[in-house]
Amino acid sequence: MKRRPIARIADALLNARSLLFCCHVNPDGDTLGSAMALARAARLLGKRADVGSSDGVPDIYRFLPERERVLKEPQPGAEYDLVAAVDVDGFERLGAFGPAARQAPLYAVIDHHVSSAEEGMVDLRACDTSAAATAEIVFDVLKALKVPLDVEIATHLMTGILTDTGSFRFSNVRPRTFAIAETLAEAGAHPGPIFKEVYERRPFSTVKLLGLVLARCRQSCRGKVVWAVVSRRDFEEAGAKEEETEGIVNHLTTVATAEAAVLMRETLKGDVRVSLRTAGRLDAQEIARKFGGGGHRMAAGCTLPGPLDRAEAELIACLESLAQALP
Ligand code: AMP
Ligand code: MN
Ligand code: MN
């Protein structure tokens, strides 16, 4: 991305003494890896730096070197010169850290989503929708800071890139993604072991849940819309936690006819969390935005009020009408 926003963010990080890097709710490898890499770099520069993740660190990301330092809620009395939202813009997706971000003397956004934000509220913005992962932008920021790329930082950034690109296979991968990955691998962060940590050290319950959910997947509009739902009963039957639905939607996208693939899960609170993927003809971000969410053209999310069957009917009807209108 352009040098100026990167340089501005780098300057602001250098001038701050105490920093907070915030992850989005339902955190993934990109928001966690990017925020942890930034916090580690800031600490290497002699600053006080925290990572805030309102929903903690899912078990599949427990191998990340900086996981112990992640806060689930703001520490009482903690004050920061700079608060940055990482892989997210919009205070409402920062969970318990929303107020800290709002009150920050300096609020920055480092992100690769289509922006939905409070324009006037953001002091500094390094956003690039062509980046495959926020970790790519963070890579440039750390380069501008001249922080040495140690194996820990490289591992965090590689995790962000690996998970947001579906292990380098999604259409968001660009030549630069490989150039950055090459440097990260040279620094000791090989993708193979990271893949193993994230995707191949699952509890039995994750595989059991996958089976239950896929066995009941549905289609309509001659296969253009493919979806599955996960109810509280499914979680109980499999003995699985909410975070264990991660990745299930990617199985639905493998259906050849699918223009839209959706996974809906009933949360503990009773609302319905939606993961939406499209083949590119439908704009996932635009659809998710209708329901108060957002994301990218081919991957987006939103949360609907329960009950599950009503949310399912509403969302699928919307997708069916869009899919039917396709030439
Ligand atoms: P997920 O289905 O949770 O993997 O999310 C897919 C993409 O959409 C990710 O890039 C998320 O960060 C983004 N996303 C998910 N939910 C929301 C939301 N409520 N608002 C904005 N972006 C979202
Ligand atoms: Mn993310
Ligand atoms: Mn991301």
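**Note on salt bridges, metal site and ligand 1**

1. Glu197 has a relative accessible area of 26% and is therefore partly exposed, where buried means under 20% relative accessible area, exposed means over 50%, and partly exposed covers what lies in between, with a 1.4 Å probe and protein chains only. Its partner Arg201 reaches 53% relative accessibility and so counts as exposed. The side chains of Glu197 and Arg201 meet in a salt bridge at 3.3 Å, N to O, a term that stands for a side-chain nitrogen of Lys or Arg within 4 Å of a carboxyl oxygen of Asp or Glu.

2. Please keep in mind that this is a predicted model, in which local features need pLDDT of at least 70 and side-chain atom pairs count only at pLDDT 80 or more, while totals for chains, interfaces and linings use all residues. Residues are numbered from 1 along each chain as its sequence is written, chains are lettered from A and ligands numbered from 1 in the order in which they are written, and side-chain values use heavy atoms, with hydrogens and water left out.

3. The structure holds 20 salt bridges, and one of them joins the side chains of Glu66 and Arg40 at 3.0 Å, N to O. Glu66 lies in the loop between strand E2 (48–52) and strand E3 (70–71), whereas Arg40 belongs to helix H2 (residues 29–44), so this pair ties together parts that are 26 residues apart in sequence. Helices (H or I, at least four residues) and strands (E, at least two) are DSSP runs, numbered from the N terminus. Both Glu66 and Arg40 are buried, and a network of salt bridges links them with Arg43, Arg69, Asp150 and Glu152.

4. A further salt bridge, at 3.4 Å from N to O, brings together the side chains of Arg297 and Asp283. Here too the pair links distant parts of the chain, 14 residues apart: Arg297 sits in the loop between strand E11 (294–295) and strand E12 (299–304), and Asp283 in the loop between strand E10 (272–278) and helix H11 (284–290). Arg297 is partly exposed at 41% relative accessibility, while Asp283, at 15%, counts as buried.

5. Which residues coordinate the manganese ion (ligand 2)? The donors are His24 (NE2), Asp28 (OD) and Asp87 (OD), at 2.0 to 2.3 Å, and along the sequence they are spaced H-x3-D-x58-D. Donors are N, O and S atoms within 2.8 Å of the metal (3.2 Å for Na, K and Ca), and sites may look incomplete because water is not among the atoms. His24 counts as buried at 4% relative accessibility, and Asp28 counts as buried at 18%. Asp87 also bridges this ion and the manganese ion (ligand 3), the two ions lying 3.6 Å apart.

6. Around ligand 1, a polar side-chain atom of Arg273 lies 2.7 Å from an oxygen atom of the ligand, and a polar side-chain atom of His296 lies 3.2 Å from an oxygen atom of ligand 1. Taken alone, ligand 1 exposes 480 Å², of which the protein buries 81%; accessible areas come from the Shrake-Rupley method with a 1.4 Å probe, and for residues, only the protein chains shown count as cover. The elements that give two or more residues to the shell around ligand 1 are E10, E11 and E12, and E12 gives the most, with 4 residues.

Methods. Polar contact = N/O pair within 3.5 Å; in protein donor to acceptor, adjacent residues only side chain to side chain.
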